[in-house]
Amino acid sequence: MIGIDPGHNGLNYTDPSFLDQQIWNGREYENCDTTGTETAGGYTEAQFNWNVATDLAADLESEGAGVVLTRSTNSGIGPCVDQRAQILDAAQSSVAIDIHADGGPTSGRGFAILLPVADGVNDGVVGSSQAFGVDVRSSFSATGMPVSTYDGTAGFSYRADLAGLNLTTVPKVLIECGNMQNATDAAMLSSTAFQQDAAVALADAITSFLS
Ligand SMILES: [Zn+2]
């Protein structure tokens, strides 16, 4: 089973009190989720994440893999980030990916791979997640998106503040596929062609990791 978490949800913005509920992220309490970001033209991160996730699921299923997604539409609210981690853990995913796009500085470009830091719960998968991250960085360069100019080092950023990485018991990374606040990245992120290329790149990384 391959776990896919398309970040946020299309109607999260309609329910601030749902988003503000406090969840345990493995180290501290934080909000259930956020609305996600969007481009200057109003193309939402939730839609981008959903499109790449469903393209990726189709690619993997066509190769015979089983897939579990943390949400089934882009027209709902939630689930909270801790529940997303639990869904992928409960499925005993061989590997999992959280799909996002960033809201960074307008001058900043590129994709970043966020990696877990050992916290007890995830201790058994920190090393395998890092190995998967290397595969993702290698494959994702084929999309034409550069490595981030502002987040992390050489495309990698270690994050101890995210439920999806703190609570995982399966190998997992979170990818910020580009910066929605940057005009060049935004044009790419909102194009169907890039979204499909991103899904192919992630499928390739998953195949590499599992073989
Ligand atoms: Zn996001």
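User: Hey, in which sense do strand β6 and strand β8 pair, and over how many bridges?

Analyst: Strand β6 (residues 112-116) and strand β8 (residues 172-179) pair in the antiparallel sense, over three bridges. Two strands count as paired if DSSP finds at least two bridges between them. Helices (H or I, at least four residues) and strands (E, at least two) are DSSP runs, numbered from the N terminus. One caution: this is a predicted model, where local features need pLDDT of at least 70 and side-chain atom pairs count only at pLDDT 80 or more, while totals for chains, interfaces and linings use all residues. Residues are numbered from 1 along each chain as its sequence is written.

User: Thanks! Which residue in β8 does L114 stand opposite?

Analyst: That would be L174.

User: And what's the strand order in the open sheet?

Analyst: The six strands run β4-β1-β5-β8-β6-β7, with mixed pairing. At the edges sit β4 (67-69) and β7 (156-159), each pairing on one side only. From one strand to the next, the twist averages 25 degrees. Axes here are lines fitted to C-alpha atoms, for helices over the stretch in contact, and angles run from 0 to 180 degrees between N-to-C directions.

User: Which strands does helix α2 lie across?

Analyst: Helix α2 (residues 45-62) lies across β1 (2-6), β4, β5 (95-102) and β8, and runs at about 150 degrees to β5. Helix α3 (residues 81-90) lies across β1, β4 and β5, at about 165 degrees to β1. Residues are in contact if their C-beta atoms, placed from the backbone, lie within 7 Å.

User: Switching to helix pairs: at what angle do α2 and α7 pack?

Analyst: About 50 degrees, with their axes 8 Å apart. That makes α2 oblique to α7; angles under 35 degrees count as roughly parallel, over 145 as roughly antiparallel, 65 to 115 as roughly perpendicular and the rest as oblique. The crossing of α2 and α7 is right-handed, meaning that the near helix is turned clockwise from the far one by less than a right angle; anticlockwise would be left-handed.

User: What kinds of residues make that contact of α2 with α7?

Analyst: They divide into 10 nonpolar, three polar and two charged. Ala, Val, Leu, Ile, Met, Phe, Trp, Tyr, Cys and Pro count as nonpolar, Asp, Glu, Lys and Arg as charged, and the others, Gly among them, as polar.

User: Cool. At roughly what angle do α4 and α7 cross?

Analyst: The axes of α4 (residues 126-140) and α7 (residues 192-210) cross at roughly 140 degrees and come within 8 Å. Those two helices are therefore oblique to each other, and their crossing is right-handed. Residues in the contact include F132, V136 and F140 of α4, along with L202, A205 and F209 of α7. The contact of α4 with α7 has eight nonpolar, two polar and two charged residues.

User: Which residues does the cis peptide bond join?

Analyst: G78 and P79, with omega at about 0 degrees. P79 is in the loop between β4 and α3. On the backbone theme, H8 has a positive phi of about 65 degrees although it is not a glycine, and H8 belongs to the loop between β1 and α1 (16-20).

User: Last one: what radius of gyration does the protein have?

Analyst: The protein has 15 Å, which agrees with the value near 17 Å for a compact globule with 211 residues. The radius is taken over C-alpha atoms, and the globule rule is 2.2 Å times the number of residues to the power 0.38. Along the principal axes, the C-alpha atoms fill a box of roughly 45 × 40 × 35 Å.

Notes: Two residues are in contact if their C-beta atoms, placed from the backbone, lie within 7 Å.
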